[in-house]
Every structure is written in C-alpha cells, then in structure tokens.
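Let's take a walk through this one together. Have the sequence and the 3D view open side by side, and we'll begin with a single side chain before stepping back.

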Amino acid sequence: MNTLITPTDVMQLAFSRDELYNTSVITNLDIAAAEERYLHPIVGRALYDKLLKGNYPSLTSDYVAPMVAAWTRYIVEPLLASRCDVCMATEGSSADNEATTERCRSLRLRARTLSRALAEHLNTQASDYPEYNPDTNPLNRCSIDGNIVQVY
C-alpha cells in the first residue's frame with residue numbers, strides 16, 4: 001500500500017523524542033486511513049495521485065506530511081497502550097481516561113489546524129497546483145468551530 005509518508009515520518013513529525021514508542025506502533029494502514037479520511041477530501045484524487053508520484057515535494061514536506069502525521073497520531077492514540085510491547089496495558093483509572101480524552105482533543109485540534117494550513121496554502125497558491133479544485137475542498141464550504149457548524 002502506497003502512502004505519502006512512512007511510520008518513521010509519523011514518529012518524527014507527530015511524537016516528541018521523549019515519547020519512547022517503537023516505530024512499529026504505527027502501521028501503513030494507519031497512515032492510509034489518515035490519508036483517505038483527512039487528506040483526500042482536501043486535495044482531491046488528482047492532486048493526491050501527483051503527490052504519490054513525487055510531484056510537489058515542498059508541498060508534501062511543508063504541509064501534507066505534518067498534517068497526515070498529526071491525523072495518524074490522532075487515530076492511533078487510543079490504541080498505543082495495546083500496541084506498545086513495553087507499556088503495561090492495564091485498565092485505566094478515570095484520571096487516566098480523562099488524560100487520554102484530553103490528549104486526543106489536543107491532538108485533534110493540532111491536526112485540524114494543520115489541515116486548515118494546507119487548505120489555505122492550496123487556496124492562495126491554486127495556480128501552482130492545476131490538479132487542485134477548491135470547489136471540492138470541504139474546508140472551503142463548511143467548518144466546525146467551537147461545536148458551531150458554519151456553512152459558506
């Protein structure tokens with residue numbers, strides 16, 4: 001399965017050096033799910049295919065890779081304890097569950113911010129990416145901010 005980034009990329013972009021996880025906690029399927037769920041709707045299939053072929057390397061390194069890594073981290077965060085062979089997977093206390101919920105909320109906010117940065121870049125530089133169609137980008141039509149749905 002081809003993806004734009006690797007598990008190593010996710011570890012470097014979405015985890016700190018102090019988080020002692022093995023790269024194996026991230027799978028290519030996790031990355032593919034993040035790309036399908038969060039990247040394809042923004043960039044569209046034509047631009048995504050160009051990115052897979054290596055076109056627009058600065059777009060990938062500056063915007064796409066950090067965004068996909070952030071969404072991948074968000075997807076796997078609830079699964080990390082069960083995937084980590086050095087972690088003790090125990091039934092969490094309510095404080096542990098609250099901390100995980102808060103961590104996921106923070107990760108989602110970071111990923112959404114990076115998604116908006118990508119969309120803004122594509123919208124302002126659309127002439128540089130002929131495969132991009134701003135009319136099909138859902139972030140140009142709708143957003144959810146503070147639990148308020150805004151349709152443009």
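Start with Ser115, which counts as buried because its relative accessibility is 6%, and the cut-off for buried is under 20%. Keep in mind that you're looking at a predicted model. Ser115 sits in helix α5, the stretch covering residues 94-124. What does Ser115 touch, leaving out residues up to four places away in sequence? The list is Ile42, Met67, Trp71 and Leu139.

Now zoom out for a moment. The chain has five helices and two strands, and if you trace the elements from the N terminus, they run α-α-α-α-α-β-β. Of the 152 residues, 36% are buried. Take the contacts between residues at least 6 apart in sequence: 70% of them join residues at least 24 apart. As for the outside, the accessible surface is about 9,000 Å², and carbon and sulfur atoms account for 51% of that.

Next, the charged pairs. How many salt bridges does the structure hold? There are five. A good one to look at is Glu19 with Arg73, where the closest N and O atoms are 2.7 Å apart. Glu19 is in the loop between α1 (7-14) and α2 (28-52), while Arg73 belongs to helix α3 (residues 57-76), so this pair ties together parts that are 54 residues apart in sequence. Are the two partners buried or exposed? Glu19 is partly exposed, at 25% relative accessible area, whereas Arg73 is buried, at 3% relative accessibility. The pair also has company: Glu19, Arg73, Glu77 and Arg103 are linked in a network of salt bridges.

Back in helix α5, you'll find another salt bridge, this time between the side chains of Arg105 and Glu102, at 2.6 Å from N to O. These residues are three apart in helix α5, so about one helical turn separates Arg105 from Glu102. Arg105 is partly exposed at 42% relative accessibility, and Glu102 is partly exposed too, at 44%.

One more pair to click on is Glu36 and Arg45, which form a salt bridge with their closest N and O atoms 3.6 Å apart. That still counts, because the cut-off is within 4 Å. Glu36 is partly exposed, with 45% relative accessibility, and Arg45 is partly exposed as well, with a relative accessible area of 46%.

Terms used: Residues are numbered from 1 along each chain as its sequence is written. This is a predicted model: local features need pLDDT of at least 70, side-chain atom pairs count only at pLDDT 80 or more; totals for chains, interfaces and linings use all residues. Side-chain values use heavy atoms; hydrogens and water are left out. Helices (H or I, at least four residues) and strands (E, at least two) are DSSP runs, numbered from the N terminus. Buried means under 20% relative accessible area, exposed over 50%, partly exposed in between (1.4 Å probe, protein chains only). Contact means heavy atoms within 4.5 Å. Accessible areas come from the Shrake-Rupley method with a 1.4 Å probe; for residues, only the protein chains shown count as cover.
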